[in-house]
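Visitor: I'd like to zoom in on one small part of this model and then follow the thread outwards. Could you keep it informal but give me the cut-offs?

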Amino acid sequence: MEHVLDNPAWNALVSGNEHLSFGNQLVRYFEKDVSPFAAFKENTDESFLLLHEILPHSGPVLFVSPVEIKIPAVWKVLRMIKGLQMVYRAAKELEQVRVDLVPLIAKHVPQMVALTQLTNPGPFASRTIEFGHYNGIFEGDKLVAMAGQRLHPFNYTEVSAVCTHPEHTGKGYARQLLLAQLNRMTAASNIPFLHVRDDNERAIKVYEDIGFNTRSNVYFYLMIKA
């Protein structure tokens, strides 16, 4: 039987993120200013063709697969990103958060977008905040680190947009933001997971130290209509 996290975007689009979802019983996607993710009930050539027909914009679209695949020619692949899917499996009690975290709201979006453009933790657009539960760390009035949630497939919740301004790394901010997310998710009886580039050794070490283990490889295809 296929695991929920083998097709995380589809399972999120039909469960925990259904309120942000568009499409039909075979192909679903988020609006462009929320997230580029699109997904299929079954990863077939026919599904790629159907997405091409019903998607109301030309892209880019982000498709995630547990294996490398060949994308049909109606799509142009801009890049393929190799990553790891990691799941939180620690049994010990979580540490308490020791810094002041600010719940991020609409007025913070310009700073959030600027920080993600600088640090590139993954796609972040003007309405990505609607996935919910974003927290930030400020120094003065400047947002210097943040993290939130994204895909919510059934009883799993994805930690997302974990990033720190380059001038403020080494202060443990990512760990504190992760702890806050893990406390929230586990209190809601959800299992935390995340995706990370497979060459991001610094981030992978932080995740492993806090209790994440690699579940599988993943492949992200960023593509536009050909």
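Leaving aside its neighbours within four places in sequence, which residues is Asn 17 in contact with?

Guide: First, a bit of bookkeeping. This is a predicted model, with local features needing pLDDT of at least 70 and side-chain atom pairs counting only at pLDDT 80 or more, while totals for chains, interfaces and linings use all residues. Residues are numbered from 1 along each chain as its sequence is written, and side-chain values use heavy atoms, with hydrogens and water left out.

Now your residue. With those neighbours set aside, Asn 17 is in contact with Ala 12, Phe 30, Phe 131, Arg 150, Leu 151 and His 152 (contact means heavy atoms within 4.5 Å). Asn 17 belongs to the loop between α1 (8–13) and β1 (21–23); helices (H or I, at least four residues) and strands (E, at least two) are DSSP runs, numbered from the N terminus. Its relative accessibility is 3%, so Asn 17 counts as buried (under 20% is buried, over 50% exposed, in between partly exposed, with a 1.4 Å probe and protein chains only). Arg 150 comes up again here: its backbone oxygen is reached by the Asn 17 side chain at 3.4 Å.

From there, let's move to helix α3 (residues 109–119), whose buried residues are Val 109, Met 112, Val 113, Leu 115 and Thr 116. Those five cover an arc of only 165° around the axis, so they sit on the same side of α3 (the arc is that of the directions from the helix axis to the C-beta atoms). Their packing partners are β8 (142–149) and β9 (156–164), whereas Pro 110 and Gln 117 are exposed on the other side of α3.

Just after α3 comes Asn 120, in the loop that leads to β7 (135–139). Its phi is near 55°, a positive value in a residue other than glycine, and at 52% relative accessibility Asn 120 counts as exposed.

Asn 120 also takes us to the largest pocket: along with Pro 121, Gly 122, Val 162 and Asn 200, Asn 120 is among the lining residues nearest the centre, out of 45 in the lining. (On a 1 Å grid over the protein atoms alone, a pocket is an open set of points where a 1.4 Å probe fits, with protein on both sides within 12 Å along at least five of seven lines; lining residues have an atom within 4 Å of a point.) The elements giving two or more residues to that lining are β5 (75–88), β9, α4 (173–187), β10 (191–197), α5 (201–210) and β11 (212–225). β9 gives the most, with seven residues.

β10 deserves a stop too, since Ile 191 is in that strand. Ile 191 is partly exposed, at 27% relative accessible area. Although Ile 191 and Tyr 156 are 35 residues apart in sequence, their C-alpha atoms are 4.6 Å apart in space. Beyond its neighbours within four places in sequence, Ile 191 is in contact with Val 87, Tyr 88, Asn 155, Tyr 156 and Thr 157.

One more backbone detail sits in the loop between α4 and β10: that's where you'll find Ser 189, with a positive phi near 65°. At 61% relative accessibility, Ser 189 counts as exposed.

Notes. A polar contact is a pair of N or O atoms within 3.5 Å; within protein, one must be able to donate a hydrogen and the other to accept it, and residues adjacent in sequence count only if both atoms are side-chain atoms.
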